[in-house]
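Reader: I am new to this structure and would like to learn how to read the places where a protein holds other molecules. Could we go through them one at a time?

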Amino acid sequence: MIRGFIFDLDGVLTDTAEYHYRGWKRLAEEEGLAFTREDNEQLRGIPRRESLLLILKGRLYPEEKILEMMERKNKYYLEFIREISPRDLLPGAKELLEEIRLAGRKNALGSASRNATEVLDRLGIRSLFDAIADGHSVERQKPAPDLFLHAASQLSLPPEECVVVEDAAAGIEGAIRGGFRSIGLGPQERVGKAEAVFPSLAGVHLDEIFTALDRKP
Ligand code: BG6
Ligand code: MG
């Protein structure tokens, strides 16, 4: 029985994955570092510090400089999200959140972002969540399962009764490690390890999800 859904935020409910990319891109340009959209695919779901370390590709910097670069990227990101409104919800996202609630199931957020609640508020969907797990909730972020386990425990549900909905390989990995059901959004190369894959949430209803998950053992 599936009783709960744990949604990632960036790239699942809204396209803030693009804003994270643009923030890192601007920082990389200022620092003279090569950083492409393709490189960015590896950064999906990965926390701020680890993302920067991936961009630095092993180059060593003093801790002070690392903190300053993280801060600068976040400043750019905050500028981007200042304009977010309910119009920025990705197609199908709000409909599915509402359908889940109407069906007596629960919604949780499982996002590595420390800016997640601000984005939820700007999107106007915070009240559709029964629990929030974000970048402040646990120490070990994705691909560790800790964030999703924290969300499930807030919902008082065991992992096997929750579906994690993710656009990142690291998120699907965390879901599998934690014993959750999983839905990947995006290309097979990225989220192909999920139990079921959809291009996005557009037109995805509970029926499709249950059918897709039942087909798998
Ligand atoms: C994840 C994003 O949701 O949050 C990553 O996919 C981002 O790109 C991470 O690095 C941390 O976000 P923030 O807002 O705390 O820097
Ligand atoms: Mg994401």
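Reader: Which atom of ligand 1 lies 2.7 Å from a polar side-chain atom of Arg48?

Author: Please keep in mind that this is a predicted model. To read such a contact, one looks for a pair of N or O atoms within 3.5 Å. Here the partner of the Arg48 side chain is an oxygen atom of ligand 1, at 2.7 Å. The backbone also takes part, since a backbone N or O atom of Arg114 lies 2.7 Å from an oxygen atom of ligand 1, and a polar backbone atom of Gly45 is 2.9 Å from an oxygen atom of this ligand.

Reader: How much of the area that ligand 1 exposes when taken alone does the protein bury?

Author: Taken alone, ligand 1 exposes 400 Å², and the protein buries 96% of that. Ligand 1 sits in the largest pocket, with 15 residues around it, of which Asp10, Ile46, Arg48, Ser113 and Arg114 come nearest.

Reader: Which residues are the protein donors of the magnesium ion, ligand 2?

Author: For a metal such as this one, donors are N, O and S atoms within 2.8 Å. The protein donors of the magnesium ion are Asp8 (OD), Asp10 (O) and Asp167 (OD), at 2.0 to 2.1 Å from it, and along the chain they follow the spacing D-x1-D-x156-D. Asp10, in the loop between strand 1 (4-7) and helix 1 (16-30), is thereby linked with Asp167, 157 residues apart from it in the loop between strand 4 (162-166) and helix 8 (169-178).

Reader: Are Asp10 and Asp167 buried or exposed?

Author: Both Asp10 and Asp167 are buried, a word that here stands for under 20% relative accessible area.

Key
Residues numbered from 1 in each chain as written. Chains lettered and ligands numbered in written order. Predicted model: local features only at pLDDT ≥ 70, side-chain atom pairs only at ≥ 80, totals over all residues. Heavy atoms only, no water. Donors = N, O, S within 2.8 Å, 3.2 Å for Na, K, Ca; no water. Helix = DSSP H or I, 4+ residues; strand = E, 2+ residues; numbered from the N terminus. Buried < 20%, exposed > 50% of the residue type's maximum accessible area, 1.4 Å probe, protein only. Near = heavy atom within 4 Å. Polar contact = N/O pair within 3.5 Å; in protein donor to acceptor, adjacent residues only side chain to side chain. Areas by Shrake-Rupley, 256 points an atom, 1.4 Å probe, with all protein chains shown as cover. 1 Å grid on protein atoms, 1.4 Å probe; cavity = no way out; pocket = protein on both sides within 12 Å on 5 of 7 lines; lining within 4 Å. Sits in = over half its atoms within 2 Å of the grid points.
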